[in-house]
Amino acid sequence: MIDPVTVSVIHGALETIAVEMGYKLMRMAHSSIIRESEDFGAGIVDRHGRGLAESAQSTPLQSGPLPGYVRGMLRQLEARGDTLHPGDVVMHNDAYAGASHGPDVGFIVPVFMGDNLVGFTATTAHHLDIGALTPGSCGIVDAIDAYAEGLQFKAIKVFDRGVRNDAVWHILRDNIRASDLVVGDMEAQVAAARIGADRLLDLIRRYGLETFEAACDASLDYTEKLMRLAITALPDGTWSAETTIDGFTDSDDPARRDLKIVATVTVAGDQLLVDLTGTAPQVPDRPINMPFVGTVDIAVWLTIRSILLDTAEHGHIPVNEGLTRPISIVAPKGCLANPIFPAPTIARFAPGNQLADTVMKALAQVVPHQVSAGIGNLRVMAFSGDTAEGPWVHMEIFEGSYGGRDGADGMDAVDTLYANTRNNPVEDIESHLPLRVRRYELREDAVGAGRWRGGQGSVREFEMLADGGVSIEGDGHKHRPWGFDGGADGHAATLYLQSGNERRELPSKSPYRRVKRGDTFLCIGPCGGGYGPPFLRAPEAVRADVADGLLSRADAAAAFGVVLTEALAIDDAATASARARI
Amino acid sequence: MKMIGIDVGGTFTDLVYADTDSGAVTIHKVSTTPADPSRGMMTGMEELAAKVGVNLSEIDTVLHATTIATNAVLENTGCEAGMITTEGFRDVLHIGRHQRPQHYSIRQEIPWQSKPLVKRRHRLTVRERLTSDRHTVLEPLDEDGVRAAARALKAAGVEAIAVCFLFSYLNPTHERRAAAIVRDEAAGVFVTTSSDVAPQFREFERFTTAAMNAFIGPKVRRYVARLDEELRARGLDADLRIMRSNGGLATAALIGELPVLTLLSGPAAGVLGGAWSGALSGRRNLITFDIGGTSADIGIVRDGVFVEAAARDTSIAGYPVLVPMLDIHTIGAGGGSIAFVDAAGAFRVGPRSAGAVPGPAAYGRGGTLPTVTDANLVLGRLDAGNFLGGAMKLDAEAAASVIGDLAKTLKLTPEAAAEGVLKVINANMANAIRSRTVEKGLDPRDFCLVAFGGAGPLHGADVAAMLGIPEVLVPPAPGICSAMGLMTTDLKYDTVRTVFARSDRLDSAELADDFAGMLADLEAQVVADGIDLAAATFLRAADVRYFGQGYELRVEVPDGRLSDGMVDGILASFHARHAAEYGHAFPEKPVEIVNVRLTATAPHPKLEGVPTPPGGTLDGALVHRAPCVFRTPDGLRTFDTPRYARDRLPLDTTLPGPAIVLQTDTTTVVPPGATFLSGSDGNLFIRLGVSP
């Protein structure tokens, strides 16, 4: 029986190692998607494939899947009759064996003490390009199957017993655009994972394998217990929710658009079941299907954890496998949330975040004070082109916004739920790329009205300073974030392409298209849903939004029943009578 | 020269008097007067002057570490500030990097959204646009627009205005012109520009730094002016020097313009004080370890040089701040840190602290939760009758009771539970030190741990043992190390320019121009401050990365004409630095010089040393003996442990542990197996026979 002091000390050391891996990866990485957007993961996994710790800097959708990568890799090695040796480094991105999707390539270092495998360190990162049909690794929305998405790595040893497998690295260089950046990032991933492996081995040696493993088991049991306690506090029962994603709104095929996501949450004692039955069938030839392991599981776990064990309430909680043990997930084979190979998955990002939002909508019926109203989803755009020095690719993630919360407005213009990346500074973009950012502000034309209003979306304008290409993947152009408990729905995102005098609206998913110098994208982000009846909003809060230029006086009166004088004083009498009319 | 150093902390104001001619050093402590810190300072100075028998008018320099700016940020009590910014970019401050501080939280607050430094209604935009090419003006400045905005903000009652335009770090002319117009239109308002405060790329971080400068500007400026007045009123015409976050001193006039430079004033002085003590004994590789009631500050000194934080790692209260700061890592671990077992059975210590009120149970002020201090008392490491030199009696029964309750929950003996509290908090601190050393390619075993603050010397030996650090040094006056640190440094000025120069197409002549321009700027500042330019020295540096990377590493740029050969040298030292920092270099890849930096140092008189302690005999130093619990290879054991008065210990004599060394401002624990020595230079050493 291990003492709680040693458990605490060893867990702290594991987190320190994971943080160091993330820190080094982020700092060594070359492309902005990793070093600025922080779309990467780093963590430690035990020899059974159970997650032990993750780096605090990385985005949840990257660190969360790491244990799944390791288990998928182990299965594939076993199927091939291959085994791991000291000095191996394995590259893996199989979305049907644990990977989140193809561009998120994992590098896994098995850690050996003598001949004994004692654990794994691993890093993932979203790579700029993975050799798909068009430049970039987002907005590949016309890939018809897994083969069209780019290179597939199924447990490939890039180092074998310490010897670099040059052939693989040549293949990478020859099949990936902007390969200097991408291969540089991969090397940084390997270096960071190896540093983690050295540190992990030091740690295990310091305490001995037996003590180390006992401490890890105790940490996993601990977080499991935390989650079970949180679930036990809920009443038993079943709650269901449904939302709709755009899919391909410009498609003639109804099976490709307005697709339902359904989540049914059942609480029974200290267990929680999330059943996704009812979710639309997979789209066999368009890549918005979500890998069940690597995307769907992460979306579900993240949402439940963020609501039931909210960091703002509970402080820091170790992120490890124990948190997920009390939760089971069911999705029928062949639906969007559990596709069958080779259905393509590369553009699963927005659907997955919508799935997370749907789980929150189901839980909102049980724990209304712990959720937000509907979130605004994200959009990713890949800008690309050619210069004298070769092709360039830049990926930009466009933020969403949160719905209102009990006692607080929604967070404005941020990444939502399973995404938590960073934008690129305008001054960095314009210093290194033929792009100009003309505007980056909050929306002033719409509000998710509620007692606690939804977060405001953003407006960004990107101008091409050279001919090039753009690919787009997002969602939520048609279906609005849901209002909650009497709050109004939020507002959808929109995207316009201005080319000369012609302005046209683009759908949320838009494959690679050529664009000309001077073409400008006007990117309008979604506003989150409102929480509670708008007519209960404090008049002073409405006045503040008008003073801040986020809301017009007319909308203050129409949406909130708050009447303001020209000098922006609250007209109490007029407000009372406007509100009484409802 | 006669100097007084004053460090105003949350609870106490520490003062040091030093006469650099006679070598006299006297210390003094008074209570802080939070409503108006200058009151406590003046009382303290008058008392101290009386104590040493000097007239205040004889004092040449007053050195000051202040928390006035820091508190204004932490307590959100700055002014109503305004901002004038580039059209299309009104919400840079609000959107930030579009990232939430917490991954796993629906109900979190984003500080820059819930507590904006400048409200949206006071963020006004004007037409103007510069680009990444410093010679191109895409859109000229709309001066009428600036005028109108300044008037509107003035009418709205703002006390300060920050002018923040895109790309101003490359071309500050629009910001400067706009600032001049604002000064015209809005007399009496504090005006600041982002290019003056932090001329570096990344608009959210730069604008936030400027906005913070505006937010705290009027308050700090008033405070500095008031202080100066109070000094004059007491017949002092001493120069007032204020500690900057980068470990240099600044004139009061400079801090009146750039208060944002003082956010780490106190902690920086602490690192200096610790480093100075180490240097007294010839130690050049130091980890400074300052533990108070609620937090521990960790700083690194390599080869006698203070490590500055990378520009991307500097922040306060969650807001990024792009100003030079010493690399000080703060964690929530101190004497007041509370130990608890959470609902699911995990044993945790901190970051929640009992603070000063109610404080640890041992303080007898109604604290009912077990803290680190209680654990130290239960184990006999603190002496109930000799805490703070006997000024405060500790309640051993109360400590035993709260630790006893914890022990029941943990199903351990009270001693094991108390030792567990220390082990967890020490491991937290050791992890923090590991992250500042091992992660940066430094081996802690090559360092000396300088332990100070009220609780540092209690934990120093245990933390050092966890890291394999062979030696712990306790400075002469561990409780007022920061006030001493004030007297150990020079005036510093610095400037920075973002250049984005790629190694494969680098123009060394252009780089030389940049340095020449910065030199002229700094020289003008030094002269304007009335400092002798001839005595100033200049140090050049560059922030460098591989092309495509987002994080830079700082390398020195040697003196002399900037030639291609010198550039090759800079690149070579970057590759080496990268390999040391990350364990990996990419020598074949192109390199980008992102920023160039210039620092001017103008010498300031310093503390040379402290008087040799009186010394004595071991028997004479013995206060009493009492049981004390330590972990040994055979488990926990109780030792009959001598408690010595530090100032009576025989000098330069190696003595065996276990022992507890008492002095008025701290208690030093020497575990069994270790030795200790009171040096004639004033430092106390613990030597550990460690193997981590």
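## Helix α17 of chain B and its setting

In helix α17 of chain B, the buried residues are B:Val567, B:Ile570, B:Phe574, B:His578 and B:Tyr582. Their directions, viewed along the axis of α17(B), are confined to an arc of 75°, so these residues line one face of the helix. The model discussed here is a predicted one. On the face of α17(B) turned away from the buried side are the exposed residues B:Gly565, B:Asp568 and B:Ala572.

The cover over the buried residues of α17(B) draws on both chains: it includes α1 and α6 (179-207) of chain A, together with α16 (508-528), β24 (537-546), β25 (553-557) and β26 (591-602) of chain B. Helix α17(B) runs over residues 564-582; at 1.5 Å a residue its 19 residues should span 27 Å, and because the end C-alpha atoms are 27 Å apart, the expected and modelled values agree. After the helix comes B:Gly583, which has a positive phi near 75°.

A second helix, α12 of chain A (residues 539-547), can be described in the same terms. Its buried residues include A:Val542, A:Asp545 and A:Val546. They fall within an arc of 100° when seen down the axis of α12(A), so they too line one face of their helix. The packing partner of these buried residues is α13 (553-560) of chain A. The two helices are set side by side below.

| Helix | Arc of buried residues |
|---|---|
| α12(A) | 100° |
| α17(B) | 75° |

The residue A:Gly549 follows α12(A) and has a positive phi, near 75°.

Chain A is divided into domain 1 (4-223), domain 2 (372-447 + 454-530) and domain 3 (538-582). Between the C-alpha centres of domain 2 and domain 3 of chain A the distance is 30 Å. Contact between these two domains involves 4 residues of domain 2 of chain A and 5 residues of domain 3 of chain A. On the domain 2 side, the residues comprise 2 nonpolar, 1 polar and 1 charged.

The interface between the chains is considered next. Here 58 residues of chain B are in contact with 64 residues of chain A. On the chain B side, α3 (92-95), α8 (203-233), β20 (347-353) and α13 (414-436) each supply at least two residues. The largest share, 8 residues, is that of α13(B). Sorted by class, the chain B side has 22 nonpolar, 21 polar and 15 charged residues.

In soluble globular proteins, nonpolar side chains tend to be buried together. The largest nonpolar core of this model has 386 residues, of which A:Val359, B:Ile161, B:Val182, B:Ala211 and B:Leu449 touch the most other members. Helix α1 (residues 4-28) of chain A gives the largest share of this core, 14 residues. Apart from this core lies another, of 18 residues, with B:Phe574, B:Phe586, B:Val591 and B:Val594 among them. Beyond four places in sequence, the contacts of B:Ile161 include B:Gly82, B:Met83, B:Ile84, B:Val182 and B:Ala214.

A final residue of note is B:Leu227, located in helix α8 of chain B. This residue counts as buried because it has 22 C-beta neighbours inside 10 Å, the cut-off being 20 or more. With neighbours within four places in sequence left aside, B:Leu227 is in contact with B:Ser38 and B:Leu240. From B:Leu227 to B:Leu286 the separation is 59 residues in sequence and 34 Å in space, C-alpha to C-alpha.

Terms used. Residues numbered from 1 in each chain as written. Chains lettered and ligands numbered in written order. Predicted model: local features only at pLDDT ≥ 70, side-chain atom pairs only at ≥ 80, totals over all residues. Contact = placed C-beta atoms within 7 Å. Helix = DSSP H or I, 4+ residues; strand = E, 2+ residues; numbered from the N terminus. Nonpolar A, V, L, I, M, F, W, Y, C, P; charged D, E, K, R; others polar. Domains from an automatic or database assignment. Core = buried A, V, L, I, M, F, W, Y, C linked by C-beta atoms within 7 Å. Buried ≥ 20, exposed ≤ 12 C-beta atoms within 10 Å, placed from the backbone. Arc of directions from axis to C-beta. Expected span 1.5 Å × (residues − 1).
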